[in-house]
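Reader: I have a model on my screen and some questions about it. Can we go through them one by one?

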There are 2 protein chains.
Amino acid sequence: MTEITNNSSNLSPAVERFILHWGDLGGQWGVNRSVAQIHALLYLSEHPQTAEDIAETLGLARSNVSNSIKELMGWKLIHRVPVMGDRRDHFAAETDIWEMVTRIAQGRKEREIDPAAEALRACMAEAETDTQISPVALKRLQEMLEFVETINRWYTQMLNVPKPALVTLIKMGSKVTTLLSPITRRGGKKDRETANQDA
Amino acid sequence: MTEITNNSSNLSPAVERFILHWGDLGGQWGVNRSVAQIHALLYLSEHPQTAEDIAETLGLARSNVSNSIKELMGWKLIHRVPVMGDRRDHFAAETDIWEMVTRIAQGRKEREIDPAAEALRACMAEAETDTQISPVALKRLQEMLEFVETINRWYTQMLNVPKPALVTLIKMGSKVTTLLSPITRRGGKKDRETANQDA
DNA sequence: CCGTTGTTTCTGTCTCTACAGAAATAACGG
DNA sequence: CCGTTATTTCTGTAGAGACAGAAACAACGG
């Protein structure tokens, strides 16, 4: 009878609100709502939850939860937690935000950036044997490829910076440029060679 | 009769390929395919194009092109180019990639990050008056909020770094941490106050 | 002031994805 | 080896967004 009560689960208002927000915030990024909501729930949960707990709490189909969990595990944002005397799987989220973000960034790189770069390289390869392409287009493609490669290198390197250093770096914000200005000022193009020596 | 000929327009193979790739690459990000394709076309075009040129070249409906153009203008990725003796609007794309990316980043911040941060602040406000929220959840929310604020500050500052400096910075990659290590090493938490003095 | 040309808004259709529920599979205990 | 419980895969459906085409609107020239 009372089938309409979707979210009657005992969540405190603020938590529920966060889950809702996080849910459709995920929608704007590439993640679907269920996945984001489940992640939000686990992130705020004191204890590991079973798939069924989650399904009930969020009013989602059990199968949906199963698939979403699989995806979250793929991103390494949640992990299994074995519980004594319970056959069911329990799940908990990564709670260190910086770690979490790193994992997401890593995943996006592998699934989106790398393939995109690859496609672009293929384009360039074709462009070079393309007799009818305009010089302008060719130049633009080259610039684009160079840019993507540059960003790719940067991304990779940043992902490998130890977390504390990364945090410091981010918190410094634009101040880095101030500290680096003696270097920056040594001249534009030339610096590039120097900077890449270690790559 | 020959209605099936979608992409019969005289595009060189490499260009066409790029437009196609760029198109569904846009799909993975928030942009729809038409918009991304039009952008790609204009990016590679030697001369400004009219809306109709675009519609014909890409095989899109005129109305679709119109809307897409509007969106691209909203992102400031393309701009009108008046042409003598032609009443129609001609459009050209921003060709400086760094400028282009900055514009996109700016747009995404305004449309996605800022609202998200706002929503999160609202959550926190509610959480603080929430009697039944668990201490753990409250703590996690706080951490999340702090993180988002930090990233937001960083993002804002980075968008205001002059382009040459930004390019240098990116090209340095993780090398910044090496140069900064004497500072980084001065200790963790304390640095944050110092680093933010200028914000 | 009317016709022509260009642009925008509106509306219906179609595709694609998220999702629920059912069916199938696997793991474990007795 | 069978029954029970947990999980995954499969299938149909509902909703959202992308898009085409039509209709409305605006601007300009003669």
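Reader: Which residues are closest to DNA strand C?
Author: This is a predicted model. In it, 17 residues surround DNA strand C. Of the strand's atoms that come within 4 Å of the protein, 67% belong to sugar and phosphate. The closest residues are A:Ser34, A:Asn64, B:Ser66, B:Lys70 and B:Arg88.

Reader: Which helix supplies the largest share of the surface near DNA strand C?
Author: Helix 2 (33-44) and helix 4 (62-74) of chain A each supply at least two residues, and so does helix 4 (62-74) of chain B. By class, this surface has two nonpolar, eight polar and seven charged residues. The largest share, five residues, comes from helix 4 of chain B.

Reader: How many Å separate a base oxygen of DNA strand C from a polar side-chain atom of B:Arg87?
Author: Take the phosphate contacts to begin with. A side-chain N or O atom of A:Asn32 is 3.1 Å from a phosphate oxygen of the strand, and one of A:Asn64 is 2.8 Å from a phosphate oxygen. B:Arg87 has its polar side-chain atom by a base oxygen instead, at 3.0 Å.

Reader: Is A:Ser12 buried or exposed?
Author: A:Ser12 sits in the segment before helix 1 (13-28) of chain A. Across the chains, A:Ser12 touches B:Asp130, B:Gln132 and B:Ile133. Its relative accessibility is 6%, and the cut-off is under 20%, so A:Ser12 counts as buried.

Reader: How many disulfides does the structure hold?
Author: A disulfide is a covalent bond between the sulfur atoms of two cysteines. A:Cys123 is buried at 1% relative accessibility, and B:Cys123 is buried with 1% too. Over all chains, the number of disulfides is zero.

Conventions
Residues are numbered from 1 along each chain as its sequence is written. Chains are lettered from A and ligands numbered from 1 in the order in which they are written. This is a predicted model: local features need pLDDT of at least 70, side-chain atom pairs count only at pLDDT 80 or more; totals for chains, interfaces and linings use all residues. Side-chain values use heavy atoms; hydrogens and water are left out. A disulfide is a pair of cysteine sulfur atoms within 2.5 Å. Buried means under 20% relative accessible area, exposed over 50%, partly exposed in between (1.4 Å probe, protein chains only). Helices (H or I, at least four residues) and strands (E, at least two) are DSSP runs, numbered from the N terminus. Contact means heavy atoms within 4.5 Å. A residue is near a molecule or strand if one of its heavy atoms lies within 4 Å of it. A polar contact is a pair of N or O atoms within 3.5 Å; within protein, one must be able to donate a hydrogen and the other to accept it, and residues adjacent in sequence count only if both atoms are side-chain atoms. Ala, Val, Leu, Ile, Met, Phe, Trp, Tyr, Cys and Pro count as nonpolar, Asp, Glu, Lys and Arg as charged, and the others, Gly among them, as polar. Lists of a residue's contacts leave out its neighbours within four places in sequence.
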